[in-house]
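Me: I have a model open and would like to talk through a few of its details. Could we go through some side chains and one of the helices together?

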Amino acid sequence: MLNRHARAFFSALFTPIAKVLLGIGMTPNMVTVIGTVGVSLGALVLYPMGELFWGTVFITIFVFSDLIDGLMARLSGQGSPLGGFLDSCLDRVQDGAVFLGLLIWFFTGGEDVWLGIAAGLCLLTGNLVSYVRAKAESLGYRADVGIAERSERMVLTLVFTGFTGLGLHPGVLLVVLVLLALASVVTIVQRFRTVISQAATSAD
């Protein structure tokens, strides 16, 4: 996860923005939806056009909505289970859009099958990481362990995609995506083991 110092820094940075948005009548859920639309447009329009750098810039502008909506909820006291549900679901939309956009580009104009496959693997394993936790928690187990948290996956993907758009060798992005997919697999295994251990303990 992003360390507490990074979280404190970004919270301090975006708190004034959160206050302004609340002041003009926006709600945390509105910001969540707007952020998801922005990320999805950048990923599914600009990435398939080969605009990896500007697509990343566009996505980054909106990706911080995930932090801002949480700040708004805390400042206004508008946090709710429904808001948390919406935020979690739309996080999956954002993640999926980013990797789908890369997959489309590298299977078409990007003409790099291996990068397309790597993006597809990240899309699949990233969704499984989230699903395993959600399913475990719905059954009363904890599964919040693992080395591949969403924030790290998104930051690394966006940073190296942007640099690839500026001329970084695509092989570097390939290595990053493969490592992210492997880290997600490890996280899935860790969560399975954690749930199985809890189930075994509760059965004793």
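Me: Let's start with arginine 133: what is its relative accessible area, and is it buried or partly exposed?
Reply: This is a predicted model, so everything here is computed from it. In it, arginine 133 has a relative accessible area of 31%, and because buried means under 20% and exposed means over 50%, arginine 133 is partly exposed.

Me: And which salt bridge does arginine 133 take part in?
Reply: Its side chain meets that of glutamate 137 in a salt bridge, at 3.0 Å from N to O. Both residues lie in helix 6, which covers residues 113-138, and they are 4 residues apart, about one turn of the helix.

Me: Is glutamate 137 buried or partly exposed?
Reply: Glutamate 137 counts as partly exposed, with a relative accessibility of 41%.

Me: OK, which residues are joined into one network by salt bridges that share partners?
Reply: That network is made up of Asp91, Arg92, Asp95 and Arg150.

Me: How many salt bridges are there in the structure?
Reply: The structure holds 5 salt bridges. One of them is formed by aspartate 91 with arginine 150, where the closest N and O atoms are 3.8 Å apart. That pair links distant parts of the chain, since aspartate 91 sits in helix 5 (residues 81-107) and arginine 150 in helix 7 (residues 150-165), 59 residues apart.

Me: What about aspartate 95, how far apart are its closest atoms in the salt bridge with arginine 150?
Reply: For aspartate 95 and arginine 150, the closest N and O atoms are 2.9 Å apart. This pair also links distant parts of the chain, with aspartate 95 in helix 5 and arginine 150 in helix 7, 55 residues apart.

Me: Are these acidic and basic partners buried or exposed?
Reply: Aspartate 91 is buried, with a relative accessible area of 8%, and arginine 150 counts as buried at 14% relative accessibility. Aspartate 95 is buried as well.

Me: Changing topic, what does helix 4 span from its first C-alpha to its last?
Reply: Helix 4, residues 65-76, has 12 residues and reaches 16 Å between those two atoms, which is close to the 16 Å expected at 1.5 Å a residue.

Me: Which of its residues are buried?
Reply: In helix 4 the buried residues are Ser65, Ile68, Asp69, Gly70, Leu71, Met72 and Ala73.

Me: And what happens to the backbone just after helix 4?
Reply: Just after that helix, glycine 77 takes a positive phi of about 70°.

Conventions. Residues are numbered from 1 along each chain as its sequence is written. This is a predicted model: local features need pLDDT of at least 70, side-chain atom pairs count only at pLDDT 80 or more; totals for chains, interfaces and linings use all residues. Side-chain values use heavy atoms; hydrogens and water are left out. The expected span of a helix is 1.5 Å times one less than its number of residues. Buried means under 20% relative accessible area, exposed over 50%, partly exposed in between (1.4 Å probe, protein chains only). A salt bridge is a side-chain nitrogen of Lys or Arg within 4 Å of a carboxyl oxygen of Asp or Glu.
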